[in-house]
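Biologist: I've just opened this one and I'm new to it. Could you walk me through the helices and the pocket, and tell me where the labels come from?

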Amino acid sequence: MSDLSKMFNALYGAYRLARFDAGGIKYFDISQSGFWFSFKAAILVLPLYLAILIARWSNMETEISGFWFFIIEMIGYVIAWAAFPVILPYVLRYLDREKNYIQTIVAYNWAAVLQNLLYTPIAILNLSGMAGAGLLSFITLIAILAYSWFVIKTALDVPSPVAWLVVGIDIAISIFLSLWIDSLLST
């Protein structure tokens with residue numbers, strides 16, 4: 001199967017999960033090579049992320065140069081894609097779900113593509129100060145959290161509260177990373 005076919009399969013699986021169809025999980029390659037291949041999702045998301053950064057930069061009042069702004073943000077982007085997969089094994093050991101690690105990361109990575117396709121235009125509208133964009137951002141955030149919860153619940157095969165706990169860990173990582181990046185940008 002070509003890389004393009006694998007990617008379309010994975011994105012179709014992510015789409016099915018977005019429709020709260022647990023059968024979407026079977027479209028992911030959960031082999032070791034499928035695990036590494038799922039990080040190509042970061043490449044698909046990168047242009048969307050760059051669009052948000054451009055919108056954010058154009059609305060910032062800062063003395064930091066555009067070069068350093070983008071370097072710091074790109075370092076944060078790489079760390080963001082690596083942090084959850086590095087921390088998750090410790091959580092799964094506690095939950096006795098280590099066998100579901102690869103499936104979870106693969107599903108979560110490909111789900112990020114759909115999440116960012118939904119989030120990016122709304123984030124840009126919000127950064128532009130468009131009236132009502134804040135409410136739209138909030139609604140989108142709730143939808144993305146529900147989607148993340150379903151992906152984790154399905155991939156780990158855990159009860160709802162446990163899935164929310166894992167999503168909460170990912171949110172905590174994101175908040176910590178965002179605060180760290182903001183502190184670097186404000187110096």
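**How the helices meet**

Modeller: Sure, and keep in mind that it's a predicted model. Let's start with helix 4 (residues 66-95) and helix 5 (residues 101-127), which pack at an angle of about 150 degrees with their axes 11 Å apart.

Biologist: Why is helix 4 called roughly antiparallel to helix 5?

Modeller: Angles over 145 degrees count as roughly antiparallel. The angle here is about 150 degrees, so helix 4 gets that label relative to helix 5. The crossing of the two is right-handed.

Biologist: Which residues of helix 4 and helix 5 meet?

Modeller: From helix 4 you have Trp 81, Phe 84, Pro 85, Leu 88, Pro 89 and Leu 92, and they meet Tyr 101, Thr 104, Ile 105, Tyr 108, Asn 109 and Ala 112 of helix 5. By class, that contact has 10 nonpolar, two polar and no charged residues. Thr and Asn aren't on the nonpolar list, nor on the charged one, so they count as polar.

Biologist: And how do helix 3 and helix 4 pack?

Modeller: Helix 3 and helix 4 pack at about 145 degrees, with axes 11 Å apart. Their crossing is right-handed. Among the residues meeting there are Tyr 49 and Arg 56 in helix 3, and Glu 73 and Trp 81 in helix 4. The contact divides into 14 nonpolar, one polar and two charged residues.

Biologist: What makes helix 1 and helix 6 roughly perpendicular?

Modeller: The axes of helix 1 (residues 3-18) and helix 6 cross at roughly 110 degrees and come within 9 Å. The range for roughly perpendicular is 65 to 115 degrees, and therefore the label fits helix 1 and helix 6. Ala 14, Tyr 15, Leu 17 and Ala 18 in helix 1 meet Tyr 147, Phe 150, Val 151 and Thr 154 in helix 6. That contact has seven nonpolar residues, one polar and no charged.

**The pocket**

Biologist: What is the volume of the largest pocket?

Modeller: About 1400 Å³. It is lined by 36 residues, and the closest to its centre are Tyr 49, Ala 80, Asn 116, Tyr 119 and Ser 174.

Biologist: Which helices supply at least two residues of that lining?

Modeller: Helix 3 (41-58), helix 4, helix 5, helix 6 (133-156) and helix 7 (160-185) each do. Helix 7 gives the most, with 10 residues.

Biologist: How does the lining divide by class?

Modeller: Into 23 nonpolar, nine polar and four charged residues.

Definitions and conventions:
Residues are numbered from 1 along each chain as its sequence is written. This is a predicted model: local features need pLDDT of at least 70, side-chain atom pairs count only at pLDDT 80 or more; totals for chains, interfaces and linings use all residues. Side-chain values use heavy atoms; hydrogens and water are left out. Axes are lines fitted to C-alpha atoms, for helices over the stretch in contact, and angles run from 0 to 180 degrees between N-to-C directions. Helices (H or I, at least four residues) and strands (E, at least two) are DSSP runs, numbered from the N terminus. Angles under 35 degrees count as roughly parallel, over 145 as roughly antiparallel, 65 to 115 as roughly perpendicular and the rest as oblique. A crossing is left-handed if the near helix is turned anticlockwise from the far one by less than a right angle, and right-handed if clockwise. Contact means heavy atoms within 4.5 Å. On a 1 Å grid over the protein atoms alone, a cavity is a set of points where a 1.4 Å probe fits but cannot get out, and a pocket is an open set with protein on both sides within 12 Å along at least five of seven lines; lining residues have an atom within 4 Å of a point. Grid points are joined across faces, edges and corners, and a volume is the space filled by probe spheres set on the points.
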